[in-house]
Amino acid sequence: MTMRTQSKWPSIFLLVGCEAMALALWFSATAIIPVLKLEFPIGDTRASLFSSIVAVGYVVGTLGSALFGLADRLHPRRFFMGSALVAAGANIAILFFEPTSWMIILFRFLTGMCMAGLYPVGMKMAATWAKGDIGLLIGALVSALTLGAAVPHLFNAIGGLEWRFTLIAASVLAVTSGLAVNFVGLGPAYGKVPPFNPAGVMRAWTDKAIRFANFGYFGHIWELYAMWAWLALFLHASFAVSLGGDTAIVEVYANLSTFAVVAAGAIGSIVVGLLADRLGRTVVTAVVMMVSGTCSLTVGLLFGDSVWIVIAVCLVWGFTVVPDAPQTSACIIELSEPSYVGTMLTVQTCVGFMLTMVPIHIVPLMVETFGWHFAFMPLAIGPLLGAYAMLQLRRHPDAIKLADGKK
């Protein structure tokens, strides 16, 4: 029998580490796009697919998981391990084909499908330990996701222009994660397996409070993944203007800055999680959304400006663009029946990631039409509408269930 961590915080810390390692796969190929574009004839549309097709795969994976209740009916450790190992295999398979091959898009799709067994399942595992601190626990999990998204950019900086290093390193981390998750303990709130009930997914829409929480999440994710997908190219282009034509210096500054900005969201998730548990989930989340939406509106106007000004604004953006995700997911956990938490989280992320495909493709169209100065402005629509949904949730009677009554 496998030895497992049975106390709360060691289990949470190990789970966070497993999530961070596995989810490095999501952006492992996206992070190398600037380098690939230097070596291969990859246009903006193909570059967009490196990110958006992962979201398509995730939507397909989560849709199947939600309809069959897999996140609640399969053992979470085994579901997580299998997903991590298959995703690592799909990611490493990229090395056997030219980056311009459509096989790369297929492998990215398979990687996205496997994410359905990693992200929502990890949140369900964390929720089994919750006791008045669900915002912090889910914040820690999303912090792991954020670090996973940031790590490939750090690999890029370490590996220089050798893009294969990034793919190999991310796959090794995912395999390690899939094996290590078997040592994670589950908390006392781990519930019984519910009966198969495909109609259960409708609770995400028929329950008004859950619906508001979902709309808040949808507004958040409209902004987040398009920002993550195009931030590196924006910084490369901006620094090329402000630093001149030295490609090596631009590469180092842009890769390290992208890592720092994305990683800032990991810190933000923890800080905002603590504040939301203590001050109230809906108001804290709405404020964070409004700050990140403001950054979407203004950051492009700084294109080509001082490197340090651009980095400073992007760090604020990175800090605030992530933390609303764990809080809207925490709302789902607090508002849902315990035996269907996994399915409700899967539905939330399924629809949310379906939406990401639109803004990921809008940004390059904005760049082509108006330039980088206005490219990120459409992203602000999401967090501003999401903030409105969270404030509406605050007025709902069921909001008393949030953050121990602090709403």
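Glu334 is buried in this predicted model, and its relative accessible area of 19% explains the label, because buried here means under 20%. Its side chain meets that of Arg281 in a salt bridge, at 2.9 Å from N to O, and this pair links distant parts of the chain, since Glu334 sits in helix α15 and Arg281 in helix α13, 53 residues apart. Salt bridges that share partners then join Glu334, Arg281 and Asp277 into one network.

Let me stay with that network for a moment. Arg281 also forms a salt bridge with Asp277, where the closest N and O atoms are 3.1 Å apart. Arg281 is itself buried, with a relative accessible area of 0%, and Asp277 counts as buried too, at 7% relative accessibility.

How many salt bridges are there in the model by this rule? The count comes to three, and one of them lies between Lys8 and Asp133, with the closest N and O atoms 2.7 Å apart. That pair links distant parts of the chain as well, Lys8 being in helix α1, residues 8-22, and Asp133 in the loop between α7 and α8, 125 residues apart. Asp133 is buried, with a relative accessible area of 12%. Trp129 lies in the loop between α7 and α8, and Trp129 is buried at 11% relative accessible area.

Turning to the nonpolar interior, the largest nonpolar core has 124 residues, and those with the most contacts inside it are Tyr225 and Phe234. The largest share of this core, 19 residues, comes from α11. Leaving aside neighbours within four places in sequence, Phe234 is in contact with several residues, among them Val310 and Cys314, and both of these belong to the buried residues of helix α14.

Is the length of α14 what one should expect, or what does its span come to? At 1.5 Å a residue, the 15 residues of α14, 307-321, should span 21 Å, and the end C-alpha atoms are 21 Å apart, which agrees. The buried residues of α14 also include Trp317, Gly318 and Val321, and what covers the buried residues of this helix includes α11, α12, α13 and α15.

I will finish with helix α12, where Ser269 is placed. Ser269 is buried, with a relative accessible area of 0%, and, leaving aside its neighbours within four places in sequence, Ser269 is in contact with Gly139, Val142, Ser143, Val322, Pro323 and Pro326.

Notes. Residues are numbered from 1 along each chain as its sequence is written. This is a predicted model: local features need pLDDT of at least 70, side-chain atom pairs count only at pLDDT 80 or more; totals for chains, interfaces and linings use all residues. Side-chain values use heavy atoms; hydrogens and water are left out. Helices (H or I, at least four residues) and strands (E, at least two) are DSSP runs, numbered from the N terminus. The expected span of a helix is 1.5 Å times one less than its number of residues. Buried means under 20% relative accessible area, exposed over 50%, partly exposed in between (1.4 Å probe, protein chains only). Contact means heavy atoms within 4.5 Å. A nonpolar core is a set of buried Ala, Val, Leu, Ile, Met, Phe, Trp, Tyr and Cys residues joined through side-chain atoms within 4.5 Å. A salt bridge is a side-chain nitrogen of Lys or Arg within 4 Å of a carboxyl oxygen of Asp or Glu.
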